[in-house]
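Colleague: I would like to learn how to read salt bridges in a model. Where do we start?

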Amino acid sequence: MTARVIDGKARAERLTADVAQAVAARATAGKRPPGLAVVLVGENAASQVYVRNKRRVTDAAGMISFSHDLPATTSHEALLALIDRLNADPAVHGILVQLPLPKSIDPDQITERIDPAKDVDGLHPYNIGRLVLKRPLLRPCTPYGCMTLLRDTGEDLVGKHAVVIGQSNIVGRPMALELLMARCTVTVCHSATRDLPGIA
């Protein structure tokens, strides 16, 4: 089988244009534009790049971007209080808390505090549970993006053997669930996997 390079950047540009059209139609109908609140705690360099890109695409799609850049000294309680305010704000339709968080903050408690209907990262236990049950609503972004790219190739995924390397809650595990929903046969490898080259 010949390897194929998938142009993710071009696909992202098309998706942004499609979303922009949907947002414009929403505005024409007299509805409020979608609002995305992105919360960044600390000064992790990689996180700053991710957040900057997310805010740029949000603006390009015509949505409202709410920025909450907090110092690394922010307390667990203060972050929970901010999430409570964002949950209650009707102008905020989606909440994204950029990971990783400072070690003083429990990421699981933060994720679980987000209203599942506003959990655009798709990592709340409610949303992960629906993915397990093959009834997804909001889905983890990276795996769903990977599935979008795979489907765009036109390949029939049914029955394919898919190997997922990594079992993180953010990518590996939900990626395996997405592939199972596509009726692939899935092997998940991780740090304790023996003979990884022989599998992958």
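Modeller: With the cut-off: a salt bridge is a side-chain nitrogen of Lys or Arg within 4 Å of a carboxyl oxygen of Asp or Glu. Side chains of opposite charge can pair when their charged atoms come close. This is a predicted model, and in it R11, R14 and D152 are linked in a network of salt bridges.

Colleague: How many salt bridges are found in the whole structure?

Modeller: Six. Two of these are counted between domain 1 and domain 2.

Colleague: Which parts does the pair R14 and D152 tie together?

Modeller: The closest N and O atoms of R14 and D152 are 3.8 Å apart. R14 belongs to helix α1 and D152 to helix α6, so the bridge joins parts 138 residues apart in sequence. R14 is partly exposed, at 46% relative accessibility, and D152 is partly exposed too, at 40%.

Colleague: And where does E155 lie, with its partner R4?

Modeller: E155 and R4 form a salt bridge with a closest N to O distance of 3.2 Å. E155 is in the loop between α6 (141-152) and β4 (161-165), and R4 is in the segment before α1 (8-28), so parts 151 residues apart in sequence are tied together.

Colleague: What does the domain assignment give, and what area is buried between the domains?

Modeller: Domain 1 is 10-121 and domain 2 is 133-193. About 530 Å² is buried between them, with 59% from carbon and sulfur atoms. On the domain 1 side, R11, V120 and D121 lose the most area, together 66% of what that side buries.

Terms used: Residues are numbered from 1 along each chain as its sequence is written. This is a predicted model: local features need pLDDT of at least 70, side-chain atom pairs count only at pLDDT 80 or more; totals for chains, interfaces and linings use all residues. Side-chain values use heavy atoms; hydrogens and water are left out. Domain bounds come from an automatic or database domain assignment. Buried area is the accessible area (1.4 Å probe) that two parts lose on being put together, summed over both. Helices (H or I, at least four residues) and strands (E, at least two) are DSSP runs, numbered from the N terminus. Buried means under 20% relative accessible area, exposed over 50%, partly exposed in between (1.4 Å probe, protein chains only).
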